[in-house]
Amino acid sequence: MNIGFDLDGIFIDKLRFMPKFIVEGLYRKQNTNELTYRYPSKVEQTIRKISHKSIFRPAFEENIVFLNKLAKNNSHKRYLISGRFGFLKKETEDILKKYEITQYLDKQFLNFGNQQPHIFKDVAIKKMKIDLYVDDDLPLLEFLTDKNLKVKFFWLNNKQTKPLKNNLFAINHISEMFK
Ligand SMILES: [Mg+2]
């Protein structure tokens with residue numbers, strides 16, 4: 001199978017000290033019916049660059065170990081599909097190396113051309129014929145599920161474990177993708 005993984009919230013943990021509503025307000029446009037992610041101003045880019053340094057973003061060890069095991073078994077293709085914008089190119093390449101993620105991947109898709117993240121991911125999922133995809137962003141997954149009915153999507157979260165749609169499942173641990 002072809003397995004797709006998001007980066008932030010899957011292999012890299014979130015900023016722990018920031019309340020969720022602040023983060024969501026920064027990343028996603030509010031008060032709009034359509035899913036839209038904000039492209040940050042220059043000043044905010046500088047702040048975000050700092051906040052994306054590895055000291056603020058711990059590795060999500062359990063999930064990296066899981067990726068490592070998949071790579072060792074070599075029974076699936078592993079693709080990283082991250083919506084991160086181009087101004088984080090250096091920070092992203094540095095952290096992928098530092099947390100030893102790159103070596104377990106067959107290919108990386110990084111949104112350095114600054115498309116809307118959900119559009120970028122939709123294109124990558126279709127192009128790579130992804131069978132299973134895991135992300136921590138529920139509105140983004142809801143967008144993708146309707147456009148890729150044969151793909152199984154997984155929302156990694158710490159609140160619930162249950163099917164949300166025919167092809168969307170809430171899970172607490174990454175291993176639940178293969179149950
Ligand atoms: Mg994410």
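**A seven-strand sheet and the helix that packs on it**

Let me begin with strand β2, residues 77-82, which runs parallel to β3 and is joined to β3 by four bridges. Before going further I should say that this is a predicted model, in which local features need pLDDT of at least 70 and side-chain atom pairs count only at pLDDT 80 or more, while totals for chains, interfaces and linings use all residues. Residues are numbered from 1 along each chain as its sequence is written. The helices (H or I, at least four residues) and strands (E, at least two) that I name are DSSP runs, numbered from the N terminus, and two strands pair if DSSP finds at least two bridges between them.

Now to the register of that pairing. Tyrosine 79 has lysine 107 as its bridge partner in β3, and isoleucine 81 has phenylalanine 109 as its partner in β3. Strand β1, residues 2-5, is likewise joined to β2 by four bridges and runs parallel to β2, with glycine 4 standing opposite tyrosine 79 in β2.

What is the order of the strands in the open sheet? The seven strands are arranged as β3-β2-β1-β4-β5-β7-β6, and the pairing is mixed. At the edges stand β3 (107-110) and β6 (162-165), and because each has a single partner strand, one side of each is left without a neighbour in the sheet. Neighbouring strands of this sheet are turned by 25° against each other on average, direction ignored.

Moving to the β6 end, β5 and β7 run parallel and are joined by four bridges, and here phenylalanine 153 is partnered by leucine 168 in β7. By contrast, β6 and β7 pair in the antiparallel sense over three bridges, one of the partnerships being that of lysine 162 with alanine 170 in β7. The connection from β6 to β7 is a hairpin through two residues.

Next, helix α6. This helix packs on the sheet, where it touches β4 (132-135), β5, β6 and β7 (168-171), and its direction makes about 175° with that of β5. Such angles run from 0 to 180 degrees between N-to-C directions, the axes being lines fitted to C-alpha atoms, for helices over the stretch in contact.

Within α6 we find leucine 141. Is leucine 141 buried or exposed? Leucine 141 is buried, because 25 other C-beta atoms lie within 10 Å; the cut-offs are 20 or more such atoms within 10 Å of a residue's own C-beta for buried, 12 or fewer for exposed, and partly exposed in between, with C-beta atoms placed from the backbone. Leaving aside neighbours within four places in sequence, leucine 141 is in contact with Asp135, Phe153, Trp155 and Leu168, where contact requires that the C-beta atoms of the two residues, placed from the backbone, lie within 7 Å. Leucine 138 is also found in helix α6, but with 14 other C-beta atoms within 10 Å it is partly exposed. The C-alpha atoms of leucine 138 and aspartate 6 are separated by 12 Å, although the two residues are 132 residues apart along the chain.

Helix α6 has a helical partner as well. Helix α5, residues 117-127, packs with α6 at an angle of about 40°, with their axes 10 Å apart. That angle makes α5 oblique to α6, given that angles under 35 degrees count as roughly parallel, over 145 as roughly antiparallel, 65 to 115 as roughly perpendicular and the rest as oblique. On the α5 side the contact is made by Pro117, His118, Lys121, Asp122 and Ile125, and on the α6 side by Leu140, Phe143, Leu144 and Lys147. These residues divide into five nonpolar, one polar and three charged.

Finally, the loops. Most residues other than glycine have a negative phi, and most peptide bonds are trans. Asparagine 74, in the loop between α3 (61-73) and β2, has a positive phi near 55°, and is exposed, with 9 other C-beta atoms within 10 Å. Lysine 129, in the loop between α5 and β4, has a positive phi near 50°, and is exposed, with 12 other C-beta atoms within 10 Å. Leucine 149 lies in the loop between α6 (138-147) and β5 (152-156), and this leucine is exposed, with 9 other C-beta atoms within 10 Å. Between the C-alpha atoms of leucine 149 and asparagine 74, which are 75 residues apart along the chain, the separation is 26 Å.

Note on methods. Ala, Val, Leu, Ile, Met, Phe, Trp, Tyr, Cys and Pro count as nonpolar, Asp, Glu, Lys and Arg as charged, and the others, Gly among them, as polar.
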